[in-house]
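Q: I have this one open and would like to go through its local geometry with you. Could we start with a strand pairing and then move around?

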Number of protein chains: 2
Amino acid sequence: MEEKIASLKSLLAEWSDLSRAAFLLGWDQQTYMPPKGIEARGQQIGTLQKLAHERITSDEVGRLLEELQPYVDELPADSDETRLVKVTRRMYNKKTRVPPAMVAELAELASAGFGAWQVARAESNFALFQPHLEKLVDYRRRFAALFAPYDHVYDPLLDEYEPGMKTAQVQAIFSALRPQQVELIREITSSPPVDDSFLHGYFEEQKQWDFGVEVVTKFGYDWERGRQDRAAHPFTIPIALDDVRITTRFLQDYVGSALFSTMHETGHAFYELGVARSLDRTPLADGASMAIHESQSRMWENLVGRSMPFWEYFYPRLQEYFPSQLGNVDPKTFYKGINKVEPSLIRVEADEATYNLHIMLRLELEIALMEGSLEVKDLPEAWNARVQDYLGLTPPNDALGVLQDVHWSDGYFGYFPTYALGNLVSAQLWERINADIPDLTEQIRRGEFAALLGWLIENIHCHGAKLEPQELVQRVTGTGIDPVPYMRYLRTKYSQIYGL
Amino acid sequence: MEEKIASLKSLLAEWSDLSRAAFLLGWDQQTYMPPKGIEARGQQIGTLQKLAHERITSDEVGRLLEELQPYVDELPADSDETRLVKVTRRMYNKKTRVPPAMVAELAELASAGFGAWQVARAESNFALFQPHLEKLVDYRRRFAALFAPYDHVYDPLLDEYEPGMKTAQVQAIFSALRPQQVELIREITSSPPVDDSFLHGYFEEQKQWDFGVEVVTKFGYDWERGRQDRAAHPFTIPIALDDVRITTRFLQDYVGSALFSTMHETGHAFYELGVARSLDRTPLADGASMAIHESQSRMWENLVGRSMPFWEYFYPRLQEYFPSQLGNVDPKTFYKGINKVEPSLIRVEADEATYNLHIMLRLELEIALMEGSLEVKDLPEAWNARVQDYLGLTPPNDALGVLQDVHWSDGYFGYFPTYALGNLVSAQLWERINADIPDLTEQIRRGEFAALLGWLIENIHCHGAKLEPQELVQRVTGTGIDPVPYMRYLRTKYSQIYGL
């Protein structure tokens, strides 16, 4: 049996190498590739992904999984081998269920859809995107049908990003959350607004870069196991267990963009860097889910990076970098400024209090599209109605409305909820961490993050994808995914900032 | 048959994508990879190369080549299809001749050999490298035996880099060349030396970078189809037909290193960028041989970059970059300085007049090792004797002697001659080009290189690997590889510089 495990691991190592090589090609495309390299790059990434797919769906993998099942059934349920077979089987089953023709079809639809979306957004003309989105929605309905029977047609889509999570669960969580968030925002917007004008001005890019590097170095990001580069859209990419890179972008007229983005991506990178070495080059060398991944990035960005203790340590340094812009702004004012709440049209610019509402409306629209109760042609109207309902705003055009996100054009349906779930999980973990490290606030005030990072590695990162997301949250916090800690966090924070 | 050609091309496209992806991983390793990424990078490149090898040696490729032969026999001998089958068959035959166990063995020997060589060179201790080199020589003898019968045991090694070239041919060329080069150097070293002290001093790296970029931009390097980065050892890497990158390195105390290296690598890059689009993603999208490749790099570096007309245009610009260092050095003095001839111990630092002698002694030693007439343990002594004989110098230690080059430690035998052959071909082509473009010198004096690059694309680059190197030289110049033009070039140039 050791031999069969070794054979399986050897096939998976090739799958992993191909997948990670494709990641590097993608990283290069976003950072350094000369512009005319784009066409060949698409072919090269396509070939690597195709070969990776062939490896993980090969008959040999299927046979080995079959033969290994009785063996791992005898092992502890938590053993690496048991989980390796379980997670690989899950992947194998999902990927072999989709006919190669449909895999190719999605690549084509997404490629055309992305191109059309770019033009449609630039021209703020939904009609240009509509026929593509119709095909993509139709594709995703046929995709979901491959996994029948299910409780809900949206379940197979969600399951792509949140293994084991059901639509009904997400709906229940969001239903509990929404009225509380709406009420909180109502209270905040009825209070005197906070000033954040000092965040806008001229902030030299190199100084922003240096300060960001200083912060994440203090966090514990190991520059021998990663690097940071500029990219149009910040992302984190795990090239290898010892090579997890982040990217960032700079707005010279707003100091917050690069800074919080860098902390966010570093949170993602820590997760990939913390996976146990024994899981390397297997499907277990991954995060448990997108929501758990997002819980890590949002924790470093928000629970750490937008907290008062953090700025008690770092604000004097930031003032040294930008004396003319921030020299006369006191720490408390700065803290309030970076936590200003204001309902806005664009998800990626939303503050902590309003962010989840952007997600909820997307989830409802995705579900309606999949159920067939909403037609694509009616989507802009449905979008605008919900934005009005949840945020009290009216998008002046579709570029600032239904066309703002790339996800659908790329064929991603079921992804959005993971952002909001990640916020909830980050607060749940934060309560647990503060119970386990009672002086964490004091540590952060002193610029010490080793205990925090150590806790995350030990309790979250090292497991990789061995545990399903809800299993992991249950083990660590004692409950399932729960909106209460997040609401507690928001209410405490904003009560203090806005004097509610 | 069109269908079979399409099938073959589709397999070859995957081979190409895998190979080029491995190139990008190699580029990244030399430029941006964080240090601890090295182990995984070796695994990833190994996997990509293994899969590429499997593709090109697959039974399906063998069968398609078999079936296509009668079809392409009916086509013109020069058609893309005929050449594609011919060159692919050549690759297929060579690669399938080597048992997988020997492929793996070489990877291990080279990996251990390279590590040992690094230490041996650092400590200038040949004994540390000797056992590894013995194994590598033994390996290469067994490798050659796989291709028996042959005229000479060295032929199969040479053929790896110079398709169709025989040892006897190289020996004949070098025999004709050596006495003339030795005599030229004797005359030069008997003349009053030229001054090049002004090339050494402090030359700010960014200014060197900017000037180099200015030069190769004028040459016609398209920054939308390539880029330049820093690397410890300069190289050119074809990621794709529209993405061919160069690297360079800087010595702050010597202005020549980065500059001539940048022109050299740009010459390599032009070759890859000039391959006809119809040959893309096949084995024909490559240079004809290493010597032809080197003829391109040496042409831009030496025949263009170390010529008086070139500096008549560019020297005023260089003086603007470095006024305090070069403001008082006149163009003629500068020109003489960059063409100073001085026998030296290190090949990569050798001038045009002495360079080939470094190659000749390596070739003789390689042949003796392969023939068995020289034992590895006696190599340092044989090396030093030849250096004394050809260059009149005695290496003070093995680091400056037999241990200076990486090639043998990596398992490369048969590669060295291509450097000298490239020099010869560059001069042959140069005479032809000047006949076809009578005012080329004037154009260069005006900083115009479009006609030159256009000629190279049309006559050399566009053919890719369709023609064997000697066939290509024959077609373009009307003769085989011939040392006369190169000697004519050297003698004319140095007669003028040294007043011979």
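Q: Which residue stands opposite Ala240(B) in E3(B)?
A: Bear in mind throughout that this is a predicted model. The residue facing Ala240(B) in E3(B) is Asp243(B).

Q: And what's the bridge partner of Thr236(B) in E3(B)?
A: Thr236(B) has Ile246(B) as its bridge partner in E3(B).

Q: How many bridges join E2(B) to E3(B), and do they run parallel or antiparallel?
A: Strand E2 of chain B, residues 236-240, is joined by four bridges to strand E3 of chain B, residues 243-248, and the two run antiparallel. The connection between E2(B) and E3(B) is a hairpin that passes through two residues.

Q: What's the strand order in that sheet?
A: The order is E1-E3-E2 in chain B, in an open sheet of three strands whose pairing is mixed. Strand E1 (228-230) and E2 of chain B are at the edges with a single partner strand each, so each has one side without a neighbour in the sheet. From one strand to the next, the twist averages 30°.

Q: Back to E2(B): how many of its residues are buried?
A: Five of the five residues of E2(B) are buried, and the strand is accordingly described as mostly covered.

Q: Switching to helices, which residues in H2(B) are buried?
A: The buried residues of H2(B) are Ala40(B), Arg41(B), Gln44(B), Ile45(B), Thr47(B), Leu48(B), Leu51(B), Ala52(B), Arg55(B) and Ile56(B). They lie on the same side of H2(B), because the arc they cover around the axis is only 165°. As background, an α-helix has 3.6 residues a turn, so residues three or four places apart point the same way.

Q: What span should H2(B) have, and how far apart are its ends?
A: Helix H2 of chain B, residues 38-56, has 19 residues and at 1.5 Å a residue should span 27 Å, which agrees with end C-alpha atoms that are 27 Å apart.

Q: Same check for H15(A): what span is expected, and how far apart are the ends?
A: The 17 residues of helix H15 of chain A, residues 355-371, should span 24 Å at 1.5 Å a residue, and the end C-alpha atoms are 25 Å apart, which agrees. Of those 17 residues of H15(A), 15 are buried, so the helix is largely enclosed by the rest of the structure.

Q: What happens just after H15(A)?
A: Gly372(A) comes just after H15(A) and takes a positive phi of about 90°.

Q: Over in chain B, at what angle do H8(B) and H15(B) pack?
A: Helix H8 (residues 167-189) and helix H15 (residues 355-371) of chain B pack at an angle of about 140°, and their axes are 10 Å apart. The two helices, H8(B) and H15(B), are therefore oblique to each other, and the crossing in which H8(B) passes H15(B) is left-handed.

Q: Now loops. Where does Tyr154(A) lie, and is it buried or exposed?
A: Tyr154(A) is in the loop between helix H6 (126-145) and helix H7 (155-161) of chain A, and its relative accessibility of 0% means that Tyr154(A) counts as buried. The C-alpha atom of Tyr154(A) is separated by 7.9 Å from that of Glu371(A), although the two residues are 217 residues apart along the chain.

Q: Which residues does the cis peptide bond in chain A join?
A: Ala148(A) and Pro149(A) are joined by a cis peptide bond with omega of about 0°, and Pro149(A) is found in the loop between H6 and H7 of chain A. In chain B, the peptide bond from Ala148(B) to Pro149(B) is cis as well, with omega near 0°.

Q: What about phi at Arg281(A)?
A: Arg281(A) is not a glycine, yet it has a positive phi of about 60°. Most residues other than glycine have a negative phi. Arg281(A) lies in the loop between helix H10 (256-273) and helix H11 (290-304) of chain A, and at 21% relative accessibility it counts as partly exposed.

Q: And what is phi at Ser124(B)?
A: Phi of Ser124(B) is near 50°, a positive value in a residue other than glycine. Ser124(B) sits in the loop between helix H5 (100-123) and H6 of chain B, where its 25% relative accessibility makes Ser124(B) count as partly exposed.

Conventions: Residues are numbered from 1 along each chain as its sequence is written. Chains are lettered from A and ligands numbered from 1 in the order in which they are written. This is a predicted model: local features need pLDDT of at least 70, side-chain atom pairs count only at pLDDT 80 or more; totals for chains, interfaces and linings use all residues. Side-chain values use heavy atoms; hydrogens and water are left out. Buried means under 20% relative accessible area, exposed over 50%, partly exposed in between (1.4 Å probe, protein chains only). Two strands pair if DSSP finds at least two bridges between them. The expected span of a helix is 1.5 Å times one less than its number of residues. The arc is that of the directions from the helix axis to the C-beta atoms. Axes are lines fitted to C-alpha atoms, for helices over the stretch in contact, and angles run from 0 to 180 degrees between N-to-C directions. Angles under 35 degrees count as roughly parallel, over 145 as roughly antiparallel, 65 to 115 as roughly perpendicular and the rest as oblique. A crossing is left-handed if the near helix is turned anticlockwise from the far one by less than a right angle, and right-handed if clockwise.
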